[in-house]
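Please open the model in your viewer and keep the sequence panel beside it. The stops below say what to select next and what is to be found there.

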Amino acid sequence: MGRLLTLIMPIILFLAACGRSVREPITENSTGLWDRGIVYNLSRIIIWFSDLFGGNYGLGIIAVTLIIRILLIPLTMYQMKSTEKMQAVQPEMQALQKKYSSKDPETQRKLQEEMGKLNEKYDYNPFAAFIPLLIQLPILMALYQSISRTEAIATGNFLWAQLGTPDPYLIFPIIAAILTWYNSKLMMIGSPTQNGSTAVMQWVMPLMILFMGISLPAAIALYWVTSTGVTIIQTLVLNNPYKKRQERQAQAAKEKDLARRLEKAKRNPRKK
């Protein structure tokens, strides 16, 4: 799953960000569910919030991003629960893969059968990780088009950057990449088991965000900075991985102490 996600994420996000970007500007005369119903209305919402902040379109994008993240809290909670199930399943899954390591069809069929039973045991859906991605893709595409196809937003400035063009100093992409790295690190801290794919993902995702942020409008990098920052806060508040790590360490210490006591009792049995 991790390898597949690593392969398709750059392609999907790139297509989502760049799709249909060369079309005509979005206006009140635009038609269709996507252009009129989604992109145009999203651009109006960004402009409305921007007007509240004195015409600052950067703050308008940040406000819209915060609202999106709030609306996605149930999805975030679902993703966290799915991650916990994955962490619970992973040790037994690795044991099954080791047990049925042969590549012959019969062994692989048995492995898939046992994996299915294991997923059913923990009520775990291995494709659940794709749900947040699939839901956020249209949001990212709509945001990109509402910016690139609305002149007022595209030509607006926020701090040192023009929102419709790449960040000239790469500050937003770098910050987005750092936050993505830290968010991946939090996932690793919260996991009782780690493997090569999770370690790779910790570096692949930030590098991917940095690479795309260099060429995409600064507004997209600003969205990533805000969205990932909120995600980190939600993780620390709702599912603190540092606390979980401490609990695991305390439990391991108790089990070690119990094993030591039992071993000592075996060596020195009480005389009746």
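Start with helix α2, residues 33-52, and helix α3, residues 57-71, whose axes come within 7 Å and cross at roughly 115°. Please keep in mind throughout that this is a predicted model. The crossing of α2 and α3 is right-handed. To see what forms the contact, select L42, I45, I46, I47, F49 and S50 on the α2 side, and then add Y57, G60, I61, A63, V64 and I67 on the α3 side. If you colour this selection by residue character, the contact of α2 with α3 divides into 10 nonpolar residues and 2 polar ones, with no charged residue.

Stay on α2 for a moment and select D35, which lies in that helix. Is D35 buried or exposed? With 5% relative accessibility, D35 counts as buried. If you now draw a distance from the C-alpha atom of D35 to that of P25, which is 10 residues away along the chain, the viewer should give 9.8 Å.

The next selection is T150, in the loop between α6 (130-148) and α7 (151-154). T150 has a relative accessible area of 4% and is therefore buried, the cut-off being under 20%. Which residues does T150 touch, once its neighbours within four places in sequence are left aside? They are I26, S43, R44, I47 and Q145. One of these, I47, was already selected at the previous helix pair, where I47 belongs to the α2 side of the contact with α3.

Now zoom out before going on to the second helix pair. The chain has 11 helices and 2 strands, and from the N terminus on its elements run α-α-α-α-α-α-α-β-β-α-α-α-α. Of its 272 residues, 40% count as buried. Among the contacts in the chain with a separation of 6 or more, 72% are between residues 24 or more positions apart.

For the second pair, select helix α4, residues 73-99, together with helix α10, residues 218-238, which pack at an angle of about 60° with their axes 11 Å apart. An angle of about 60° falls outside the ranges for parallel, antiparallel and perpendicular, so α4 and α10 are oblique to each other. Their crossing is right-handed. On the α4 side of the contact select I73, T76, M77 and M80, and on the α10 side select Q234, T235 and L238. The residues of this contact divide into 4 nonpolar and 3 polar, and none is charged.

Within this pair, centre the view on M80, which is found in helix α4. M80 is buried, with a relative accessible area of 11%. Leaving out residues up to four places away in sequence, M80 touches Q234, T235, L238 and N239. The C-alpha atoms of M80 and L238 are separated by 8.9 Å, although the two residues are 158 residues apart along the chain.

Then show α10 by itself and draw a distance between its end C-alpha atoms. What span should the 21 residues of α10 have at 1.5 Å a residue? The expected span is 30 Å, and the end C-alpha atoms are 30 Å apart, which agrees. Bring back the rest of the chain, and it can be seen that α10 is largely enclosed by the rest of the structure, because 17 of its 21 residues are buried.

A further residue to select in helix α10 is T231. T231 is buried, with a relative accessible area of 17%. Apart from neighbours within four places in sequence, T231 is in contact with R69 and N183.

The last stop concerns backbone angles. Most residues other than glycine have a negative phi. Select L159, in the loop between β1 (157-158) and β2 (161-162), where phi is positive at about 55° although L159 is not a glycine. L159 counts as exposed, at 60% relative accessibility. Then move along to L170, in the loop between β2 and α8 (171-190). Phi of L170 is near 60°, again a positive value in a residue other than glycine. L170 is partly exposed, with a relative accessible area of 30%.

How values were computed
Residues numbered from 1 in each chain as written. Predicted model: local features only at pLDDT ≥ 70, side-chain atom pairs only at ≥ 80, totals over all residues. Heavy atoms only, no water. Axes fitted to C-alpha atoms, helices over the stretch in contact; angles between N-to-C directions. Helix = DSSP H or I, 4+ residues; strand = E, 2+ residues; numbered from the N terminus. Parallel < 35°, antiparallel > 145°, perpendicular 65-115°, else oblique. Left-handed = near helix turned anticlockwise from the far one by under 90°. Contact = heavy atoms within 4.5 Å. Nonpolar A, V, L, I, M, F, W, Y, C, P; charged D, E, K, R; others polar. Buried < 20%, exposed > 50% of the residue type's maximum accessible area, 1.4 Å probe, protein only. Expected span 1.5 Å × (residues − 1).
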